[in-house]
Amino acid sequence: MADEIVLYTNPQSRGAMSHWMLEEVGAPYRLEILAFGPPMKTPEYLALNPMGKVPAIKHGNTIVTETGAILCYLADAFPAAKLAPPVGERGAYYRWLFFVGGPVEAAASNHASGWDPKPEEQARFSYGSYERTIDTLEKAVTGKRFVAADHFTAADLYVASFLDFGMQFKIIDKRPAFEAYVRPILERPAAKRAEEKGKALMAQSKN
């Protein structure tokens, strides 16, 4: 696949995860930086993502939105990077990718907004309770270098990124198991490259 990938993003958004993933796969890409607000609501961008949010990618004629979907797509589109386990060994891989994109996102967002479902309401929500969701994630990473295989995958990128973000902004407790899991993953060269490029873009936007 030789087509250049276009990532529509903002350095201070979930788009940073997709940027890191692009550095991991090593494919040619270009960033289209969108400011929050009206630039994400233009007719041109809404044609790509009707939600008016970032990230989104365009790869040839393919458009993908939603972080978890973007990570899965790139892992499959560039198999040489080995960012997904073999098809028959993807149970944990899919589980934790979708767990972060579903229950963890919802539980953390509600919790950060100061609201958690009461015990009698928990059956209505996919995550049940914030505590159960975070405890489940803690069990998944405790004592593990990688969450879904014997090597780094897109699931690690997603889980570690979300945990790092959550702990930085005090949405998620700084539990020892989380810090031990996240620390070495954030030291990956691709993560560092994406981080430095993101910082440079933020600095440019302030000038």
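1. Start with what α1 packs against. In this predicted model, the buried residues of α1 sit against β1 and β2 on the strand side, and against α3 (67–77), α6, α7 and α8 among the helices. Ten of the eleven residues of α1 are buried, so the helix is largely enclosed by the rest of the structure. If you want to click through them, the buried set is G15, M17, S18, H19, W20, M21, L22, E23, E24 and V25. Note that H19, E23 and E24 are on that list too.

2. How does α1 lie on the strands? The helix crosses β1 and β2, and its direction makes an angle of about 155° with β1. Just after α1 comes G26, with a positive phi near 75°.

3. Now the sheet. Four strands form an open sheet in the order β2-β1-β3-β4, and the pairing is mixed. The edge positions go to β2 (29–33) and β4 (62–65); each has a single partner strand, so one side of each has no neighbour in the sheet. From one strand to the next, the twist averages 20°.

4. For a look inside the sheet, take β1 (residues 5–9) and β3 (residues 56–59). They pair in the antiparallel sense, over four bridges. A handy pair to find on screen is V6, which stands opposite K58 in β3.

5. L34 is worth a stop. You'll find L34 in the loop between β2 and α2 (43–48). Is L34 buried or exposed? Its relative accessible area is 14%, and buried here means under 20%, so L34 counts as buried. Leaving out residues up to four places away in sequence, L34 touches Y8, T9, N10, P39, M40, Y45 and V54. For a sense of distance, L34 and A107 are 73 residues apart in sequence, and their C-alpha atoms are 27 Å apart in space.

6. Over to α7 (residues 176–185), where the buried residues are A177, F178, Y181, V182 and I185. Why do they end up on the same side of the helix? They cover an arc of only 110° around the axis, which puts them on one side of α7. The general background is that an α-helix has 3.6 residues a turn, so residues three or four places apart point the same way. On the face turned away from the buried side, you get the exposed residues P176 and R183.

7. What covers the buried side of α7? The cover includes α1 (15–25), α5 (130–141), α6 (154–168) and α8 (189–206). So α1 and α7 turn up in each other's story: the buried residues of α1 have α7 among their packing partners.

8. Stepping back to the whole chain, there are eight helices and four strands. Read from the N terminus, the elements go β-α-β-α-β-β-α-α-α-α-α-α. The radius of gyration is 17 Å, close to the 17 Å the globule rule gives for 207 residues, so the chain is as compact as a globular protein of that length. Along the principal axes, the C-alpha atoms fill a box of roughly 45 × 40 × 30 Å.

9. A few totals to finish. Of the 207 residues, 46% are buried. Among contacts between residues at least 6 apart in sequence, 61% join residues at least 24 apart. The accessible surface comes to about 11000 Å², with 54% of it belonging to carbon and sulfur atoms.

Methods
Residues numbered from 1 in each chain as written. Predicted model: local features only at pLDDT ≥ 70, side-chain atom pairs only at ≥ 80, totals over all residues. Heavy atoms only, no water. Buried < 20%, exposed > 50% of the residue type's maximum accessible area, 1.4 Å probe, protein only. Helix = DSSP H or I, 4+ residues; strand = E, 2+ residues; numbered from the N terminus. Arc of directions from axis to C-beta. Contact = heavy atoms within 4.5 Å. Pairing = 2+ DSSP bridges. Axes fitted to C-alpha atoms, helices over the stretch in contact; angles between N-to-C directions. Rg over C-alpha atoms; globule rule 2.2 N^0.38 Å. Areas by Shrake-Rupley, 256 points an atom, 1.4 Å probe, with all protein chains shown as cover.
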